[in-house]
Amino acid sequence: MNDIVSYACVDGVATISMNDGRVNVMSTTMLKALDAALDRAEADKAIVVLRSTREGIFSAGFDLKIFAANDAEKSVEMVKAGAELALRLLSHPYPTIGVMQGHAFPMGTFLLLGCDVRIAEAGAHKMGLNEVAIGIVAPGFAMELARSRMHPAYLNRTVVLGELFEPNTAVKAGLLDMVVPAAELDGTLKGVIEGVSAIHMPSHASAKKKLRKPVMDIMRELIDRELNMEAYSKRPSSGSDVVLPGK
């Protein structure tokens, strides 16, 4: 792998860890490194555990400086890489487990939404699709991914009103499956791994593909239709509308 994504596979469990030394920004480089790690996990026929080793942060989301610079080519490249990764997680043939121990801002939330099981450590960290708070709109692929897993009322609150949710509320919203105290996280994760290890993997892959086909099909359509230079140039808002945090 590289310095920002590490990969370790032990007893059929592949742990993919993010650490860019800062806030795990979902740059194109980070996204490609995560995709390469999933290549290895699929080749190893392994259960995936996706997590961050940065204290207090899962991911700060896409690199907002790219959007604010109004760099169309780099923006499209980055968002498309994120979309493809979220879709790949949603369709991964082996169980995937997302572990959230800190904030997960939009692209971080998209990755967790793509995981089969989503576990959070209890705390004041937040997650959601709050793009409207910084002057942009959640991408179509992300709205459909969220729609497939979230309670409609909470989906509206985050996509339309920019609300972010702490873990306990995120469970009610459908963004997470469970929240546990920090001291219980490792034991809970071990139990989840043992549970998913017992299922019949070919049946798991087939069921996942069949159940999620509608959302995967529409995500594929939206990625192809919206995430290209022609479509980006016609978008309603410009990159100059992006408000960087602290500005």
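A residue counts as buried when its relative accessible area is under 20%, as exposed when that area is over 50%, and as partly exposed in between. The model used in these exercises is predicted.

**Exercise 1. A covered helix**

Task: Find how many residues of helix H4 are buried, and name them.

Solution:
- Step 1. Locate the helix. H4 runs over residues 106–114.
- Step 2. Apply the cut-off of under 20%. Nine of the nine residues of H4 are buried.
- Step 3. Name them. They are Pro 106, Met 107, Gly 108, Thr 109, Phe 110, Leu 111, Leu 112, Leu 113 and Gly 114.
- Step 4. Conclude. Helix H4 is mostly covered.

**Exercise 2. A glutamate that touches H4**

Task: Decide whether Glu 131 is buried or exposed, and list its contacts beyond four places in sequence.

Solution:
- Step 1. Place the residue. Glu 131 sits in the loop between strand S9 (117–121) and H5.
- Step 2. Read its accessibility. The relative value is 5%, so Glu 131 counts as buried.
- Step 3. Leave aside neighbours within four places in sequence. Glu 131 is then in contact with Pro 106, Phe 110, Ile 136, Val 137, Ala 138 and Pro 139.
- Step 4. Link back to Exercise 1. Pro 106 and Phe 110 are among the buried residues of H4.
- Step 5. Check one distance. Glu 131 and Ala 60 are 71 residues apart in sequence, and their C-alpha atoms are 12 Å apart in space.

**Exercise 3. One side of a helix**

Task: Work out which residues of H6 are buried and how they are arranged around the axis.

Solution:
- Step 1. Locate the helix. H6 covers residues 152–159.
- Step 2. Pick out the buried residues. Tyr 154, Leu 155, Thr 158 and Val 159 are buried in H6.
- Step 3. Look down the axis. These residues cover an arc of only 120°, which puts them on the same side of H6.
- Step 4. Ask what covers them. The cover includes helix H5 (140–147) and helix H7 (167–173).

**Exercise 4. The loop after H6**

Task: Describe the setting of Glu 166.

Solution:
- Step 1. Place the residue. Glu 166 lies in the loop between H6 and H7.
- Step 2. Classify it. Its relative accessibility is 37%, so Glu 166 counts as partly exposed.
- Step 3. Find contacts beyond four places in sequence. They are Gly 123, Ala 124, His 125 and Lys 126.
- Step 4. Compare chain and space. Glu 166 and His 103 are 63 residues apart along the chain, yet their C-alpha atoms are separated by 8.8 Å.
- Step 5. Now take another pair. Lys 190, in helix H8 (residues 185–197), is 43 residues from Arg 147 along the chain, and their C-alpha atoms are separated by 29 Å.
- Step 6. Classify Lys 190 too. Its relative accessible area is 54%, so Lys 190 is exposed.

**Exercise 5. Positive phi outside glycine**

Task: Give the phi angles of Lys 45 and Asn 70, and say where each residue is found.

Solution:
- Step 1. Start with Lys 45. Its phi is near 55°, a positive value in a residue other than glycine.
- Step 2. Place Lys 45. It belongs to the loop between H1 and strand S4 (47–52). At 59% relative accessibility, Lys 45 counts as exposed.
- Step 3. Turn to Asn 70. Its phi is positive, about 60°, although Asn 70 is not a glycine.
- Step 4. Place Asn 70. It belongs to the loop between helix H2 (64–68) and H3. At 40% relative accessibility, Asn 70 counts as partly exposed.

**Exercise 6. An enclosed space**

Task: Find how many cavities of 30 Å³ or more the structure holds, and describe the lining of the largest cavity.

Solution:
- Step 1. Recall the idea. Rolling a probe the size of a water molecule over the atoms shows where empty space is left.
- Step 2. Count. There is one cavity of 30 Å³ or more. The largest cavity has a volume of about 30 Å³.
- Step 3. Name the lining. It consists of Ile 16, Leu 34, Leu 38, Leu 50, Leu 85 and Leu 89.
- Step 4. Sort the lining. Six residues are nonpolar, none polar and none charged.
- Step 5. Trace the sources. Helix H1 (28–43) and helix H3 (72–91) each supply at least two lining residues.

**Exercise 7. The whole protein**

Task: Decide how compact the protein is for its length.

Solution:
- Step 1. List the elements. The protein has ten helices and ten strands.
- Step 2. Compare the radii. The radius of gyration is 17 Å, close to the 18 Å that the globule rule gives for 247 residues, so the protein is as compact as a globular protein of that length.
- Step 3. Add the burial. Of the 247 residues, 50% count as buried.
- Step 4. Add the contacts. Among those between residues at least 6 apart in sequence, 73% join residues at least 24 apart.

How values were computed:
Residues numbered from 1 in each chain as written. Predicted model: local features only at pLDDT ≥ 70, side-chain atom pairs only at ≥ 80, totals over all residues. Heavy atoms only, no water. Buried < 20%, exposed > 50% of the residue type's maximum accessible area, 1.4 Å probe, protein only. Helix = DSSP H or I, 4+ residues; strand = E, 2+ residues; numbered from the N terminus. Arc of directions from axis to C-beta. Contact = heavy atoms within 4.5 Å. 1 Å grid on protein atoms, 1.4 Å probe; cavity = no way out; pocket = protein on both sides within 12 Å on 5 of 7 lines; lining within 4 Å. Points joined across faces, edges and corners; volume = space filled by probe spheres on them. Nonpolar A, V, L, I, M, F, W, Y, C, P; charged D, E, K, R; others polar. Rg over C-alpha atoms; globule rule 2.2 N^0.38 Å.
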